[in-house]
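Here is a short briefing on one chain. Please keep the sequence and the 3D view open while reading.

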Amino acid sequence: MLDALIEVHKNTCQKEDCVFRIKKQLNQRLAKSKDTNLSQRDYQIQLLIGEIYSGYIRRHQHNVRLRINYAFYLLDFLKQKQQSLNELNQIELLSPSLDNEFIIFRYKRIIEDEMNMSQNETLNGNLDVATEIAFQNNMRSFQNKIERATLMHMDFWSQLQEDSPDLGKMNDIGSKINLAITQVEELWNKMQKMTQNLPKAMRLYAKFIIEVLQDKEYGESLLDKSKLLQTQNNKMKNKQSIQVFSSDDINFEPLPTLLVSTSPDKFTQISNLNLSVCNLLGYHKTELINRKINLLIPQIFAKFHDNYIEMFLQSNDQSKIAKERLVYIKLKSGYIMPCYICMKAIQSFDENIVIVAQFRTLRTFKIGCYLILNSDDAIECISSSCICCLFIDQKMISHRKIYFNELFPDYNRNEYLNKTGCVISLNLQSNLVSNSNYLQYYINELEDQTQILFQIQVTEISNEYQDQIIGYVIKLEKVSNDQSQILSPDLQQQLVVPNLTMSNFQFKYFAAKALYLGENQEDGNSARVDQTVIWEQSSRLSEETQVEKKEKVEEVKVERINYGEGIRTLKLFDNRIQDIEDIRMSFTDQDEVQHSSVFQKNQDNPDEIEQGQRNNVFRNRKALNSTINDQQRPKEIVLLSCIINILMVAVLTLSFTSYFLGLYLFENIQNSLKLIQYASLRNQESTQVVMNVQNLEMLRIGIWNLTESEAIIYENEQRNELNNSILALTDANKKIMLNELYINEQIEELHSKSVVNVRISKNSFSYYDLIEATQQIISKALIIRDKPLQNLTLDDEDATFITYNLHNGIIFSYRNETSQYSNGIQELTENNIKIFFIFLIVAASSFFILLIIIIILIIQINQIQEQILQLFMEIPEKTIKYLYNKSENFISNLQVGEEEELSSDFSDEEQDEHKELSRTLKSKRKKKIFKNTNSQHRTQILIITFILFIFQGYFLLNYFLNQVTYTNLKQQIPELNVTARSGSYYRFVDNCERQLFLNREEPILQEDSYSIVINNIQLNYEVDSDLHQEHAKNSEIMNQNYYDTFQQIFMLNPCEKFANKGFTQLEYCETFANGSISQGMAVAIARYFENIRYIMTFYDMFYGYPEVNFSIVARGWGRFRNITNNSDNVTNYIYNLNNFKQTTESRIMQNIFLKAAFRFLLDEFLAALKYDIEVTQTQLLAIFIVFEVLIFFVYFIVWLPAQMKMTRDIWRTKGLILMIPLRVIQKVKIIKSFIGVLIHSQDK
């Protein structure tokens, strides 16, 4: 199927650049050799896949992923590194994503490194087309960067020459200088990876180092290396591969070079050639252009040459043409000439392959000739030297077929084939030789006029693709030791011997090694004079000039009269007059002692002396450079980094602690609110238990006007309600008991100490804690639940236990507990606000202290840079001017293109400048007033301050949010407390009134029951007023949902909500009590209060007045029944009050609507408070996450790069010391001592 796919594609593809339509040419995209283990069909499939990729890329040019896959395909399968690199470069222009950009960057580096590595492995550092173009571009960029760095040095020295140098500008220029030098070094290393054969760039770089960077030692080593490379290049210039990369380059080639096209329409035609080819072959240029290369090839080779070219284009084996080999070319005269050929395949503008052929003639030292024979030993071609050696010419072999045996009768091919040193004789008596016209010119010079001896070498000519021997090449060299024959002028005129190459011998003398080095050079290349000869000559002249100058200076010194001899200079020093020379000597001795103490401590120990030699950083610039650029972080940066780390740890600690502590405190608040709910539920259920017990007692007495069946149903309802109340009371008491949250001491005392006075029997009391007392109530309620109705008398101990304790001792504790819960939550809110205020103060104090420390360290770092820059103020004016002039001269020579003529030796004028420089270094230096416009440290301080203000702002915002939430919560706690108490309190008032009706003698709240009931009626209004008053206070801060719920319950119609919650039926709610419930619970509660008060007025009329007419007093609200079945009218009157319409309405309203309203409000109130807390927690979480992201951003995005920048700035500023020449550093004591202190601090 794959074969069919290839054949169909070959026949149907209409594209001009289809890989299967290209014949007899090699497309550059297929330039890399395929895997040897890959079959031809698989290779064609790979090419087809590559063409499919290309087609899709034309249609989807902006698909980054597709193009990356195509680049990988070119690299991994087609082995086309350059094309893959070009594709990756094109993808970069499409603005890829970050991950794709990283992939592109990584593979570009890998491909470039592989190409550079493979390039360096090639012979003699030759470059291919793409690498040569890249090298030339890099060379231009290298020169531009050096020029830019030199201009920056000039700007720096000119800034230093001003009367008031600006240290800020100097630091900025110095930073740019360091960056420029780094760029130059990186580009230099990159160029070295491309090739090691770059003497011109090396000379330029060496002069830059010597003249601008003032590193003479390293620069001269590079100059020496460049000279050596230049020498090697000149020696190997005939052995190097072709340096042609386009058709225009051959005009600059000294060797004969021509281009052969492989395009289908000009297959194997000569497309271009230089004049050296014309001189070699004897043709005019116009005679060869557009002619087939076979014209220059002997016929025995020309027959198969086109096939060789086609097979090369198909196999793309570059190794077959890259190696230099011996060939035979055919001259215009018809003779052949042996020469070496080197070929190379390059790409033309129309993407066709052009083969470059370069010829190099042989150097011959013996008289010899060459013949080409066919397979029948017939001579087909001869060299021109056959005329003087064998006395035959081209005309003779062209007129008739001449066999080699006619010249050498003793020739036997098998004896001489592939052997050297064999001798064969030419028979001069043979007809062919004796009839030759050339023999008469040489016969007289021959000692043996019958034969001439030759050394013969026979080599086969084979067609390697057909495995067939097609001919032989014979090389003949004369055995005679005589000198070569000299042709007469007449013979020279008759002979047509084109392009006789002559050699000369060039040499040079190395004075340092006393050696002569030389080689044979061709006349054609004599124009290329070895530059090293000029260098050596200039070096010798410079050395001679210096020696002569030195001798002249010594003569002048001898003849000059010293007029200052015997004159002493005195100076007042240390309160006594001393000779100034003695003062200088004392300082010199001190310096020497100090130097000895630092670098040469123990002179008697050779090992320590050697160690001191190594530690002496002033011995050369390389040691100083390695010491200055040791890449150690300054201690100020380390300390600043530690402070910043402490700051970040403190910020993280405070932020995490405040956030999670806030969550914990909010959780405590929510748990406390739940305790209020449990306490309220316990209070309500306890009053419900009392009501159920009272109802059962009244049922036993017969107060309720019920039939027997109705009584049974009523009893079961009451017992079920009692059971539900017991379960709810048990659950609430259990939750309160299991809660471990600490509120205050009063709560702990109620729950853990026996402070609740509980009546066990009529005259027996005992103390329990509130939890145990509640358990006692529960146990008695369980007994009553199961006790028969007839046993529930008013004197029953179990019933009396419940009614008495829940109306006296236990109810006091319940009310106290609820109040303490409210007070405790308010105290918790106040304490929580104080906690966050403490966090705010701690954060502010910590940030302020750390800010002061950071500012001090930043100022110290700035002072370090300033101290380093002040060192340049110690350099004398003439030294600065000298360094400026050196840079200026270098840039001038560079711009006019004279960098190759520069020498590292100093001229006479420069020697004078050096002496003047040494003299001025000893003189007193002028102090300059400097200024520093560098505001970078101020910017850093402002940024740090701003960041710390942001950090403090977080804690301020955190405090504000918590403070607002806790303040609002504290303000709403009283309303919550009233809401929680109202439901149970209204039930308690009703229970107390009914207990008064049952037994007036039993005290309530440890007082007279009647007075308490009257007081409770008055307190009903106060509790209701407190509820509405607290609600009005909280209307602005209250949750809107609860506010709407409160309005719906109290001011609007709550029946719908009661019905939805399952408390009652909608119609019943709207019609109950003449529709008072539908008008809002505010109206219903007021009606409830009036009913209770109204019933008490009847009680006051009946109690103590048995003679009162019941019907008249009752006014139709109730009907008299003799419940006691006796004549006790007062008791019957009071018992009948329980069946009044107002009493029944109040009982139903309390049992259904009031209970439902306040439970629903309490649940909604707690949900609203929880929601407000959750909103605050969400806000705190949001700002916490933003703050942590900000911390991450500040530390990793702002601080770490800023730290690296500050460290690099100090390193760069320290690196500016290397701009000072080493001899100046050694002379200026302040600079030298500062570097010593710097090294000492680094060692620590």
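The points below cover annotated spans first, then one sheet and a helix beside it.

The model is predicted. UniProt, in an unreviewed entry, places the feature "transmembrane region" at residues 637-666, 835-859, 941-961 and 1180-1202. An open sheet of five strands also appears, with antiparallel pairing.

**Annotated spans**
- Residues 835-859 are 100% helix and 0% strand. The end C-alpha atoms of this span are 36 Å apart.
- Residues 1180-1202 are likewise 100% helix and 0% strand. Here the end C-alpha atoms lie 30 Å apart.

**Sheet layout**
- The strand order is 7-6-10-9-8.
- Strand 7 (379-382) and strand 8 (422-427) are the edges, each with a single partner strand, so one side of each has no neighbour in the sheet.
- From one strand to the next, the twist averages 35 degrees.

**Strand pairs**
- Strands of a sheet pair through backbone hydrogen bonds, either parallel or antiparallel.
- Strand 9 (residues 451-463) runs antiparallel to strand 10 (residues 468-478), and ten bridges link the pair.
- Thr459 has Val473 in strand 10 as its bridge partner.
- Strand 6 and strand 7 are also antiparallel, with three bridges.
- Ile372 stands opposite Cys381 of strand 7.
- The hairpin of strand 6 and strand 7 has four residues between the strands. Asp377 in this hairpin takes a positive phi near 70 degrees.

**Helix on the sheet**
- Helix 12 (residues 299-315) packs on the sheet. Helix 12 touches strand 6 (368-374), strand 7, strand 9 and strand 10.
- The direction of helix 12 makes about 25 degrees with that of strand 9.

Key
Residues numbered from 1 in each chain as written. Predicted model: local features only at pLDDT ≥ 70, side-chain atom pairs only at ≥ 80, totals over all residues. Heavy atoms only, no water. UniProt positions renumbered as here; feature names shortened; annotations may be inferred. Helix = DSSP H or I, 4+ residues; strand = E, 2+ residues; numbered from the N terminus. Pairing = 2+ DSSP bridges. Axes fitted to C-alpha atoms, helices over the stretch in contact; angles between N-to-C directions. Contact = heavy atoms within 4.5 Å.
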